[in-house]
Protein chains: 2
Amino acid sequence: MNPSESSAEGLRILIVGGVAGGASAAARARRLSESAHITVIERGPDVSFANCGLPYYIGGDITQRDDLAVQTPTSLSQLLNLEVLTNTEATSINPLEKTLLIKNLATGETTTRHYDKLVLAPGASPIQPNLPGIDLPRVHTLRTLQDMDHIDQDLDCVASVLVLGGGFIGLEMAEQLQHRGLDVSLVERNPQLLPPLDSELSRDLAVALHEKGVDLHFSENMTSIKADGSTMKAHFQSGLELEADLVILSVGVKPDSHLALEAGLELGERGHIRVNEFQQTSDPAIYAAGDAVETHDSILGGYRPLPLGGPANRQGRTAADHIFRGEKALPYPGSIGTAIVRVFDQVAAITGSSERDLIKRSTPYKTVTINAASHADYYPGAEIIKLKLLWSPDDSRLLGAQAIGLEGVDKRIDVLATALRARMTIDDLCHLELCYAPPFGSAKDPVNLAGFAACNLRDGLLKPFYAVPETPAQIIDVRPVAKSQSQPVPGAKNIPLPELRSRLGEVDPDQPVFTICQMGKTSYFAARILQQHGYDAHSIIGGVNVNL
Amino acid sequence: MNPSESSAEGLRILIVGGVAGGASAAARARRLSESAHITVIERGPDVSFANCGLPYYIGGDITQRDDLAVQTPTSLSQLLNLEVLTNTEATSINPLEKTLLIKNLATGETTTRHYDKLVLAPGASPIQPNLPGIDLPRVHTLRTLQDMDHIDQDLDCVASVLVLGGGFIGLEMAEQLQHRGLDVSLVERNPQLLPPLDSELSRDLAVALHEKGVDLHFSENMTSIKADGSTMKAHFQSGLELEADLVILSVGVKPDSHLALEAGLELGERGHIRVNEFQQTSDPAIYAAGDAVETHDSILGGYRPLPLGGPANRQGRTAADHIFRGEKALPYPGSIGTAIVRVFDQVAAITGSSERDLIKRSTPYKTVTINAASHADYYPGAEIIKLKLLWSPDDSRLLGAQAIGLEGVDKRIDVLATALRARMTIDDLCHLELCYAPPFGSAKDPVNLAGFAACNLRDGLLKPFYAVPETPAQIIDVRPVAKSQSQPVPGAKNIPLPELRSRLGEVDPDQPVFTICQMGKTSYFAARILQQHGYDAHSIIGGVNVNL
């Protein structure tokens, strides 16, 4: 036999939190060391469960509860030779002594555990607005399997649900509750759904929800919930009142960082645990991972929290890697902010910075939006994808991308997330060589087309305009006659593109001209013709599909 | 009015070929110059048709023939203000005089045209093996709408079809002919389908075809076809005889480069027109694009042809860009070789170099294959993707990737094609931040998992073995008992992973041990345990899914 390869013999590792980040840290640690003493301390009764799946069990897409319990405490313990302490809360850290005080929530008993390395993966809790009625029995948040079970039980005897908050979880819940046959209202404090997405793309999500009968309200602030017989009434600042038998609160999460705060670890502005590229906190023996931390922002610099499952898992792995492999560990490269949500027949996804982020950070940017088919338009089933790019005017580097559609939205945003990580420019997007066969893509993929449009804009070939201008303005609708009649653009004159050269006399050269078509491509072709004939011609980005 | 922005007033541009590369060149040229005189010379009757869609019209997925004719000669001419000469062949170039001799194929009339810039986009023709019977009336190749129409007509009165060649078109044809209810045989000269794909992945395509009743033959060379009453008999070197009412030849394409050859332009080893990064041939006034050219190979250096629609379109655009914008044009970055094919319920895709390519070029490489779910395995509909990475042991740079599965194969290969273009390493793949919600992905995407596996292999944590070793060898099947009984691994002893630590006494420390599981993940966990206890333990890559 060879001598054992494990370094750091018998290291004592305590991990606070047994779900995404904590479970990944434990698994990677055990892979790297059979001799380490690894203890997972979890406040709840479950470890390593699929919390992203909870809405889909409530809605019925997932039928087996056991499918969500990826590991039980016993199976995890057995598989990885861990000590797993569930229903146990970590109550304080003594960084000098390297000890952790833990409390058995069943017995109340407290004990002190020594650690060589401590990994904090406590997650984040749903925000509970401090409002009258928030503690009524049928007002729920959704974080754990128990929350899910309570909602699931209650739903058997209710008819209407109010979802407060139109972020990722709120949207998934609205979709799933409607699947389950309930009357659903969704109220969002902001003027749009999914605030990380820019508003012109977010609109399509609202349409999808509206068409399925979800009752939507924007820019509404809830002030109280009152029991009203067997149902409840939610009251809003505007005077709006909504009746609902059950309320789901999904207005965001706050990091569970009090343990870190009390131990004197450095926190960020919004209370997240700040970590370096190896997930070390300001105390190098204490690591942190998951929803409670903020990591380096790869796009804009500084730090950003990103409370999502993917980062949590990979951060937990990074922490374990660094504990055993030191500088040979693969650093976590920071966050870029990739996320996706399905809402009925619309899928919205984002990577990198949005316009809102860039404006907030005073970062100069340019943007273009295209509409393109998800695969060859001559092959059945193609769907339109709206794809928006944001890039830096200084060096043409991609800053972010957003898309909405159905088929292939995830693919394009994953490609752009990869491009973003690689610090690619809009030029690089033009010649990405992506899969093309009719069922999967097009000879010029939407990502290529978006690159072309962005470069054309930068190079002055495309003079963009981002809305239908208010009349009086010279607007030329270059779609075929039938299309312009069935879906007219207010104030526009129709000159189909193939006739434009011969009908130039109808366009006034002494005032600006705005061209529009269905998707924003033909209007660009028209504007190129006009510009070359000396007109001050602007193409309306995204066409009727985005602007009407 | 502003002065016209167009440079190169009144440039005369001749474009040979009016489909992908030629049509894209014409469109971009017109966008850049209203004043250029642009003539498209097309040997056939059609321009800008969707040649990648032809098999799907034959099979019935596409029902409207007009959907394939993206533009007619008249509409293209009108849209772009072009002269379009169909049924016209370019017969010779005089590079000194800058003239092109063209022949009207209807009248036989020849004329000489002057050019300032010439763009060659003649494409490639299907190879017609020089064999007895190849000119029988029901022996077809498929390149044009007319070929498609002939096949379509003939199919109405035949029952069986022989497809010769199991490349992309052969596979698409086999699928579509079977859809149409025909008896299909497919014969491939090589020992596997789709030679660009490595053989262990290609096997799954053969299974998919076989299960749908396609009669498959490998390593067979056809020697003749003989008419036999109303049917035909194809004869092969091995003695094999196959009867078929119709034969489709899809044994590859050869570049239509005779015009370039005769004009003294530089060609590559296999007769492709060699171009620089702006698609210029060895004569800077002559450009070339599409299936007839070879471009720089971005991965291995040198040149490579890539007769696919995406590159053709983007190369045509690059040529036009350089004609009008000179050094400000965006160069074509070379080919990486991304391609995809669907065969019933299997999708295979590749990007970059295969093992075969790397061996041929004596390029050192490492490889790993993983099996992973296309999206969260607890959400319905997840499918297994086999994903193989190839990378350089010198600098860990990705050299290629291949995948087979159903859902999400295109997405992962597109992500990896982007990573390849960005010259990413296997480390970079570990922390790509990709879309995750249960219907779309997993917290650790298959691309991340492949990155982890590759890094583990490089870092010595994973000692790979690429097949089930021949017994006698110590093989430990670490799957659950039931699984190991229902699908036993020959010669293996079953010790389920959770029991491994307590049953180490059953593993002989004095001989190597090979661990195997279903997908190649649990066997890695087992090998890590064994290695740390001093065993020479190897994990069988891809598990039972790849190796049994």
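**Buried, bridged and joined: chains A and B**

Reader: Why is Asp256(A) called buried?

Author: Asp256(A) has a relative accessible area of 10%. Buried means under 20%, exposed over 50% and partly exposed in between, with a 1.4 Å probe and protein chains only. Since 10% is under 20%, Asp256(A) counts as buried. This is a predicted model, in which local features need pLDDT of at least 70 and side-chain atom pairs count only at pLDDT 80 or more, while totals for chains, interfaces and linings use all residues. Residues are numbered from 1 along each chain as its sequence is written, chains are lettered from A and ligands numbered from 1 in the order in which they are written, and side-chain values use heavy atoms, with hydrogens and water left out.

Reader: What makes Arg143(A) and Asp256(A) a salt bridge?

Author: Their closest N and O atoms are 3.5 Å apart. The rule asks for a side-chain nitrogen of Lys or Arg within 4 Å of a carboxyl oxygen of Asp or Glu, so this pair qualifies. Its partners come from distant parts of the chain, 113 residues apart. Arg143(A) is in the loop between strand S9 (139–140) and helix H4 (145–155), and Asp256(A) in the loop between strand S17 (253–255) and helix H7 (258–262). Helices (H or I, at least four residues) and strands (E, at least two) are DSSP runs, numbered from the N terminus.

Reader: Is Arg143(A) buried or partly exposed, and how do you know?

Author: Arg143(A) is partly exposed, because its relative accessibility is 25%.

Reader: How do you know that the bridge of Arg325(B) and Asp459(A) joins two chains?

Author: Look at where each partner sits. Arg325(B) lies in helix H8 (residues 309–325) of chain B, and Asp459(A) in the loop between helix H12 (446–458) and strand S27 (464–465) of chain A, so the pair spans two chains. The N to O distance is 3.2 Å. At 16% relative accessibility Arg325(B) is buried, while Asp459(A), at 28%, is partly exposed.

Reader: How many salt bridges cross the interface of chain A and chain B?

Author: The rule finds 8 across the interface, and the structure holds 64 over all chains. One of the pairs between chains is Lys411(A) with Asp410(B), whose closest N and O atoms are 2.8 Å apart. Salt bridges also link Arg28(A), Asp321(A), Arg325(A), Asp427(B), Arg458(B) and Asp459(B) in a network.

Reader: Which helix gives the largest share of the side of chain A that touches chain B?

Author: Helix H10 (residues 409–421) of chain A does, with 9 residues. In total, 94 residues of chain A are in contact with 93 residues of chain B, where contact means heavy atoms within 4.5 Å.

Reader: What area is buried between chain A and chain B?

Author: About 8,300 Å², of which carbon and sulfur atoms give 59%. Buried area is the accessible area (1.4 Å probe) that two parts lose on being put together, summed over both.

Reader: Why is helix H10 of chain B called mostly covered?

Author: Because 13 of its 13 residues are buried. Helix H10(B) reaches 18 Å from its first C-alpha to its last, close to the 18 Å expected at 1.5 Å a residue. That expected span is 1.5 Å times one less than the number of residues.

Reader: What comes just after H10(B)?

Author: Arg423(B), which takes a positive phi of about 55°. In chain A, phi of Arg423(A) is near 55°. Arg423(A) sits in the loop between H10 and helix H11 (426–430) and is partly exposed, at 47%.

Reader: Why is a positive phi worth pointing out?

Author: Most residues other than glycine have a negative phi. Leu194(B) has a positive phi of about 45° although it is not a glycine. Leu194(B) lies in the loop between strand S11 (183–187) and helix H6 (199–211) of chain B, and at 2% relative accessibility it counts as buried.

Reader: How do you know that Thr425(B) is buried?

Author: Its relative accessible area is 15%, which is under 20%, so Thr425(B) meets the rule. Thr425(B) is found in the loop between H10 and helix H11 (426–430) of chain B. Not counting residues up to four places away in sequence, Thr425(B) touches Asp395(B), Ser396(B), Arg397(B) and Leu398(B).
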